Amino acid sequence: MRKDCISTSGLNKRGMISFRRQLFRVLYIFIFSSFLHPQQLISQTLPIAPTLVDAQQSEPIRVSVDRVSVGVLVTDSSGKFAEDLHRDNFHIFDNGVEQPITDFLDVEEPAQALVLIEAGPAVYLLEGSHLRAAQEFLSGLSADDRVAVVKYADAPQGLVDFTANKQSAAAAFDELGFNLGFGSLNLSASLSKVLDWLTSVRGKKTVVLLSTGVDTSSTKQIQDLLNRLQTSDVRILAVSLTGDLRNPPPPAGKKKSPSPKVAFTSQQFAEADTLLRQIAQTTGGQAYFPANSSELPAVFEHIAQIVRHEFSLAFVPPARDGAIHTLGVRVKAESGQPAGGSIYRVDCRRAYIAPPPATN
């Protein structure tokens, strides 16, 4: 519980910080509704350097439109991740027709995880609790898994490029700066730019999104992102950071009393939750809504498990028609269970866009 640190002789350094945060929280409640109405804000466009595209790797990046990559999570009836599966256990379907699997990466193959962190005024109030908890995520990854760190407010900014050095990522958490002005929080536009960066990164790819879900992107940008995610090869795992913001601990010795303004803000938070669910579920990912910061370590530990237990399949698209094709993956157990048997749950993206017809 937060305690005021005001002495009779004046405010010491810690007390001044606490006082500022309490004052900032009050101000934030009254201006929060403006974030959810982007038409009332002045659009800001800043140049973005696509640093992540230039990630240093031991081997050159090769991108081929003649392969469709599909990340797959497999869990059993008890929710435990399946590990001892091989290429022959998987069956992949394009518009309902099974396709030969051309490439297969099991759970031992390294993954790429990009941590995208909201760096606006709301997250500043969390005093870094979400970043400290994110250490659970870094420590839970495999040694060869690579991590990148990006922050966003009005636009994304790369902090650490993909690296297997988890200490570098942790250092970026410690040095993260926040945009304390009441400008834009362009979640959809920023995430779309990150997807652009990731098109040149091959293999298993995950975005771990730490966000309130508040989005001042235009309605078109939001819809364009949701449409794009239907065919993206990037899994998104979203963590809502609004638990402590919508339910702040009461001051010592006082009981919380409901406020019409706070209730209205809670309704807006619910809209933000809906967007986070849509973003995650469209990619075959998950959205997490911890009630407070004490629940964050368990969330990040589970996310690290997901990243470590993803299979990656690929196949040659059967048609070059530029159309959206549905995807389906079934798993057959070693015991001879029929494909699609109930012992496994399979999570993956639902569609992809086939390459356009060849031009002469």
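This is a short tour of a predicted model, with something to select at each stop.

**Stop 1: strand β7**

Start by selecting residues 111-118, which make up strand β7. Are they buried or exposed? Eight of the eight are buried, so the strand is largely enclosed by the rest of the structure. Now show the side chains. Ala111, Ala113, Val115 and Ile117 point one way, while Gln112, Leu114, Leu116 and Glu118 point the other way. Whichever side you look at, those residues are buried.

**Stop 2: the strands joined to β7**

Keep β7 on screen and add residues 204-211, which are strand β10. Seven bridges join β7 and β10, and the two run parallel. To find your place along the pair, pick Val115: its bridge partner in β10 is Val208.

Next, add residues 146-152, strand β8. Which way does β8 run relative to β7? Parallel again, with seven bridges joining the two strands. Here, look for Ala113, which stands opposite Val147 in β8.

**Stop 3: helix α10**

Select residues 296-308 to bring up helix α10. Try a length check with your viewer's distance tool. At 1.5 Å a residue, the 13 residues of α10 should span 18 Å, and the C-alpha atoms at its ends are 19 Å apart, which agrees.

Then colour the buried residues of the helix: Leu296, Val299, Phe300, Ile303, Ala304, Ile306 and Val307. Turn the view until you are looking down the axis of α10. The buried residues fall within an arc of 160°, so they line one face of the helix. A handy rule helps here: an α-helix has 3.6 residues a turn, so residues three or four places apart point the same way.

**Stop 4: the nonpolar cores**

Stay with Phe300 and show what surrounds this residue. Leaving aside residues up to four places away in sequence, Phe300 touches His130, Ala133, Ala134, Glu136, Phe137, Val208, Leu210 and Val239. You met Val208 earlier, as the partner of Val115.

Zoom out to the largest nonpolar core, which has 39 residues. Which have the most contacts inside it? Phe137, Val239, Phe300 and Ile303 do. Helix α10 supplies the largest share of this core, seven residues. There is also a second, separate core of 25 residues, including Leu187, Val201, Leu225 and Val234.

**Stop 5: Gln167**

Finish by selecting Gln167, in helix α5 (residues 166-174). Gln167 has a relative accessible area of 66%, so this residue counts as exposed, the cut-off being over 50%. Now add Ser139: the two are 28 residues apart in sequence, and their C-alpha atoms are 9.6 Å apart in space.

Conventions:
Residues numbered from 1 in each chain as written. Predicted model: local features only at pLDDT ≥ 70, side-chain atom pairs only at ≥ 80, totals over all residues. Heavy atoms only, no water. Core = buried A, V, L, I, M, F, W, Y, C linked by side-chain atoms within 4.5 Å. Buried < 20%, exposed > 50% of the residue type's maximum accessible area, 1.4 Å probe, protein only. Helix = DSSP H or I, 4+ residues; strand = E, 2+ residues; numbered from the N terminus. Contact = heavy atoms within 4.5 Å. Pairing = 2+ DSSP bridges. Expected span 1.5 Å × (residues − 1). Arc of directions from axis to C-beta.
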